[in-house]
Amino acid sequence: TKTAEKVPISNCSLIGAYTFATAGWFVVAAKALIEQPLNPTSGLKEYYISLLYNFLLDPAFKPEGFESLTTTSESTTAATYVLAVPKEQYSTFGTPDELKSYEEGKESYALE
């Protein structure tokens, strides 16, 4: 399982509405991402919130102190909480043109 920005990798979309089980999970994943230097050649041109899920979905991701982020009733990773939505159920209206297409009932996603 993997998330990506600006590169279609499946028929699902990232919608930009991200939540985390705890602030702690967000912080440890953000620190892990920022430790990776930007490298346009490898595809990491910018840091995106969605990329944090790549760490949280990885069962091997056990950052220092992660035990304090979980309880006995909680999964030790965030993978349990990630929901995939098929692209057919997704609409985007981040630009005026996309909003107009949405208001006209047109599909507002694109796979290039």
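**Exercise 1. Contacts of a residue before helix 1**

Which residues does Lys 2 touch, not counting residues up to four places away in sequence?

*Solution.* The model is a predicted one.

- Step 1: locate the residue. Lys 2 belongs to the segment before helix 1, a helix that spans 23-34.
- Step 2: list the contacts. With residues up to four places away in sequence not counted, Lys 2 touches Ile 9 and Asn 54.
- Step 3: add a backbone distance. Between the C-alpha atoms of Lys 2 and Tyr 53 the separation is 7.6 Å, although these positions lie 51 residues apart along the chain count.
- Step 4: classify the exposure. The relative accessible area of Lys 2 is 60%; because exposed means over 50%, Lys 2 is exposed.

**Exercise 2. The chain as a whole**

Describe the secondary structure, the burial and the surface of the protein chain.

*Solution.*

- Step 1: count the elements. The protein chain has three helices and zero strands, and the order from the N terminus is α-α-α.
- Step 2: assess burial. The chain has 112 residues, of which 25% count as buried.
- Step 3: examine the surface. About 8000 Å² of the protein chain is exposed, and 54% of this area comes from carbon and sulfur atoms.
- Step 4: examine the contacts. Taking contacts between residues at least 6 apart in sequence, 54% join residues at least 24 apart.

**Exercise 3. An aromatic pair**

Find the aromatic pairs of the structure, and classify their geometry and the burial of their members.

*Solution.*

- Step 1: search. One aromatic pair is found in the whole structure.
- Step 2: identify the pair. Its members are Phe 55 and Phe 61, with 5.5 Å from centre to centre and 50° between the planes.
- Step 3: classify the geometry. Planes under 30 degrees apart count as stacked and those over 60 as edge-to-face, so the pair of Phe 55 and Phe 61, at 50°, is tilted.
- Step 4: test for burial. Buried means under 20% relative accessible area. Phe 55 has a value of 15% and is buried; Phe 61, at 13%, counts as buried.

**Exercise 4. Two further positions**

Place Phe 20 and Gln 89 in the chain and relate each to a residue elsewhere in the sequence.

*Solution.*

- Step 1: place Phe 20. This residue lies in the segment before helix 1.
- Step 2: collect its contacts. Apart from neighbours within four places in sequence, Phe 20 is in contact with Phe 26, Ile 49, Leu 52, Tyr 53 and Leu 56.
- Step 3: give a distance. Phe 20 and Tyr 53, 33 residues apart in sequence, have C-alpha atoms 9.2 Å apart.
- Step 4: turn to Gln 89. The loop between helix 2 (52-56) and helix 3 (96-103) holds Gln 89, which is exposed at a relative accessible area of 62%. From Gln 89 to Cys 12, 77 residues apart along the chain, the C-alpha separation is 9.1 Å.

**Exercise 5. A pocket**

Characterise the second largest pocket.

*Solution.*

- Step 1: state the volume, which is about 300 Å³ for the second largest pocket.
- Step 2: name the lining. There are 15 lining residues, and those closest to the centre are Glu 5, Val 7, Gly 43, Leu 44 and Leu 51.
- Step 3: sort by class. The lining comprises six nonpolar, four polar and five charged residues.

Terms used: Residues numbered from 1 in each chain as written. Predicted model: local features only at pLDDT ≥ 70, side-chain atom pairs only at ≥ 80, totals over all residues. Heavy atoms only, no water. Helix = DSSP H or I, 4+ residues; strand = E, 2+ residues; numbered from the N terminus. Buried < 20%, exposed > 50% of the residue type's maximum accessible area, 1.4 Å probe, protein only. Contact = heavy atoms within 4.5 Å. Areas by Shrake-Rupley, 256 points an atom, 1.4 Å probe, with all protein chains shown as cover. Phe/Tyr/Trp six-rings, centres within 6.5 Å; stacked < 30°, edge-to-face > 60°. 1 Å grid on protein atoms, 1.4 Å probe; cavity = no way out; pocket = protein on both sides within 12 Å on 5 of 7 lines; lining within 4 Å. Points joined across faces, edges and corners; volume = space filled by probe spheres on them. Nonpolar A, V, L, I, M, F, W, Y, C, P; charged D, E, K, R; others polar.
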